[in-house]
Amino acid sequence: MSLPAALSPLPHLSEACVAEERGVFLPTRGHVRFVGLHGQALEKPALDKPGAGKGENQQRLPYIEGYTPYGVQVRLTDWVGRLTFTTESDAGRVRHPVLVYPAKLHEQPGPAFASLGRMADALPELGQRLNFPQQLLTATDHLTAPGGAGPAAPQLLNLAAQAWHLWQLARRRPQVVQGAGERVLDDGRVPDRVDWELTFEHWGRGGFPGHVARDLALPLPPAATSALLNLWDALIAAAQRLPQPSERTALLTRFASARAALPGGRISGTGRSMAQAHPNEAQVNPAQVSRSRVTRHSSTTRADPLARQAALLTERVRQWSPRATGIPEGFTRMAELYELWALARLTQALGAVSGEFNRDEAGLFTGTFRGNGVTVTLNPPLSFRGIGVGLQLLRPDLLAVFDDGRALVADIKYRPLDRMTAQQHREINDQLLRYMGLSHAATGLIVWPGRAETLRPVHQQSAEQAPQPSPVPAPYAPQQALQIDTLPGDRARMVRVRLHPDDPHAALPVQLRTLGFPGVVA
């Protein structure tokens with residue numbers, strides 16, 4: 001007597017390695033009663049109506065393409081990692097493990113998973129800088145990757161001591177204070193400082209005995225402040241990965257206290273900056289005012305020797321931190337993960353780090369961040385009526401408005417732009433033009449992963465076969481990462497920007513500076 005299929009032990013088949021958005025064949029026998037993925041039933045979309053089933057499959061689950069007497073053909077979507085399909089047929093209930101790799105990052109499984117691991121590694125640190133609540137990072141809830149050994153507590157303390165020493169050197173340097181707020185006083189009272197050169201000019205125009213007074217502005221933070229804040233962020237992110245709770249708690253407390261000593265480095269208990277927790281106090285607190293000016297002179301910051309030392313230490317900490325290696329044990333939606341990672345990287349590169357990150361009911365990442373001379377809004381709702389009576393709504397992925405009146409709108413695309421049809425390119429161009437017109441943005445960005453071209457992949461092969469040597473990826477070429485198309489009239493431009501986890505960390509800020517946007521930090 002045999003057990004029912006639902007109670008029978010589930011035999012494992014050999015694991016297959018498949019590129020995302022490809023087809024995979026699940027062998028069965030006889031009548032197929034159920035096809036599912038991690039407990040969720042898969043469906044075959046109806047073909048009698050155009051677009052049927054697209055609105056219902058909001059999670060973009062793989063779907064059934066067709067049945068044969070020997071199995072089921074399933075079309076994969078943007079789910080990557082270890083996917084376990086389950087079929088129930090006359091052969092019983094069988095699990096079909098499939099390893100799906102993000103082929104848009106690289107055409108070979110090994111380098112593709114390595115790039116995916118770098119994205120997963122970067123999210124905790126980026127989330128800390130942008131005050132991302134960790135419970136909102138659902139894109140990596142089911143994704144875990146083996147990691148290498150990270151720095152021990154004594155090594156982190158040594159690096160922290162070097163960071164503190166650099167801050168002591170930076171804050172003791174003489175700071176130039178420039179006058180601002182020119183005003184003329186006719187009663188002889190000068191509350192701050194007299195600008196005698198302007199006063200003599202004022203007298204020469206018949207303004208005697210009035211004096212021209214200049215109010216003293218708040219001193220600018222040291223040039224290395226921004227780089228030192230990045231260093232402390234990296235140290236805190238590395239300390240969070242320490243295995244021992246006692247060491248981890250002690251170091252996080254000490255590092256947070258040291259970071260709070262820097263202008264703009266104070267973090268409240270809720271994970272937000274003090275300007276967020278007490279917005280009214282930020283108007284009168286010099287430390288908070290100076291935080292918004294940390295990145296004011298980016299060229300001076302890059303030339304400062306202490307800032308360069310802090311940047312080198314930051315890269316050392318990042319390289320020392322645990323890195324995801326090998327093949328992930330879980331799964332994730334690649335388009336959602338890439339959008340989250342790209343939004344975080346772009347917001348950070350624009351220097352907007354003060355704000356709150358949320359997720360709305362539709363699953364969109366939302367929030368408004370403020371930086372030096374720029375306000376960045378994620379998925380802003382832009383509504384209009386036009387010539388009709390109905391309200392239309394557009395939501396670009398990112399909108400950056402600068403204090404000088406310029407605006408930048410960005411659309412994140414986890415799609416192979418170099419292999420799309422002309423009609424698909426027209427649809428993307430039309431969508432970006434609508435975003436630009438509605439937000440009055442003269443610059444529109446299409447951000448995509450832009451993989452390096454290598455040999456064509458083997459779309460499905462047994463994991464037990466001997467691994468093939470991975471081809472060496474093409475070197476990063478900055479001139480190929482930025483494609484600018486000036487629109488007729490020379491008043492607007494559409495830009496295609498490559499943003500890939502294998503690119504140098506400073507590549508995106510360099511590209512934004514090439515486009516002429518102020519306040520960009522590395």
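**Figure 1. Histidine 440, an exposed residue with positive phi.** Histidine 440 has a relative accessibility of 69% and therefore counts as exposed; over 50% relative accessible area is exposed, under 20% is buried, and values in between are partly exposed (1.4 Å probe, protein chains only). The model is predicted, so local features need pLDDT of at least 70 and side-chain atom pairs count only at pLDDT 80 or more, while totals for chains, interfaces and linings use all residues. Residues are numbered from 1 along each chain as its sequence is written, and side-chain values use heavy atoms, with hydrogens and water left out. Histidine 440 sits in the loop between helix H11 (422-439) and strand S20 (443-448); helices (H or I, at least four residues) and strands (E, at least two) are DSSP runs, numbered from the N terminus. Its phi is near 55°, a positive value in a residue other than glycine. Most residues other than glycine have a negative phi, and most peptide bonds are trans.

**Figure 2. Two further backbone features, at glutamate 21 and at proline 209.** Glutamate 21 has a phi near 60°, positive in a residue that is not glycine. The loop between strand S1 (16-19) and strand S2 (23-27) holds glutamate 21, whose 33% relative accessibility makes it partly exposed. The peptide bond between phenylalanine 208 and proline 209 is cis, with omega about 10°. Proline 209 belongs to the loop between helix H3 (196-204) and strand S11 (211-216).

**Figure 3. Surroundings of threonine 199 in helix H3.** Threonine 199 has a relative accessible area of 0% and is therefore buried. Leaving aside residues up to four places away in sequence, threonine 199 touches Val194, Gly210, His211 and Val212; contact means heavy atoms within 4.5 Å. The C-alpha atoms of threonine 199 and valine 212 are 5.0 Å apart, at a separation of 13 residues in sequence.

**Figure 4. The largest nonpolar core, with 64 residues.** A nonpolar core is a set of buried Ala, Val, Leu, Ile, Met, Phe, Trp, Tyr and Cys residues joined through side-chain atoms within 4.5 Å. Phe85, Tyr338, Leu398 and Leu445 touch the most other members of the largest core. Helix H10 (residues 334-349) supplies the largest share of this core, nine residues. Apart from residues up to four places away in sequence, the contacts of phenylalanine 85 include Leu26, Leu37, Leu42, Val74, Leu76 and Arg95. A second, separate core has 29 residues, among them Ala170, Phe255, Leu306 and Ala310.

**Figure 5. Packing of helix H2 (residues 153-171) against helix H5 (residues 245-260).** The axes of H2 and H5 are 11 Å apart and make an angle of about 5°. Axes are lines fitted to C-alpha atoms, for helices over the stretch in contact, and angles run from 0 to 180 degrees between N-to-C directions. H2 and H5 are therefore roughly parallel; this term covers angles under 35 degrees, with over 145 roughly antiparallel, 65 to 115 roughly perpendicular and the rest oblique. Ala153, Leu156, Leu157, Ala160 and Trp164 of H2 meet Glu247, Leu251, Arg254, Phe255 and Ala258 of H5. The contact residues comprise eight nonpolar, no polar and two charged; Ala, Val, Leu, Ile, Met, Phe, Trp, Tyr, Cys and Pro count as nonpolar, Asp, Glu, Lys and Arg as charged, and the others, Gly among them, as polar.

**Figure 6. An open sheet of three strands in the order S2-S6-S5.** The pairing in this sheet is antiparallel; two strands pair if DSSP finds at least two bridges between them. S2 and strand S5 (63-68) each have a single partner strand, so one side of each lacks a neighbour in the sheet. Neighbouring strands are turned by 25° against each other on average, direction ignored. S5 and strand S6 (residues 71-75) are joined by five bridges, and threonine 68 stands opposite glycine 71 in S6.

**Figure 7. An open sheet of eight strands with mixed pairing.** The strand order is S13-S14-S15-S18-S19-S20-S23-S22, with strand S13 (352-359) and S22 at the edges. The average turn between neighbouring strands is 15°, direction ignored. Strand S15 (residues 374-378) pairs with strand S18 (residues 398-402) in the antiparallel sense over five bridges; valine 376 stands opposite alanine 400 in S18.

**Figure 8. The hairpin of S22 and S23.** Strand S22 (residues 482-486) and strand S23 (residues 493-498) run antiparallel and are joined by five bridges. Threonine 486 has arginine 493 in S23 as its bridge partner. Six residues lie between the two strands, and glycine 489 in the turn has a positive phi of about 95°. Helix H13 (residues 507-514) lies across S20, S22 and S23, at about 165° to S23.
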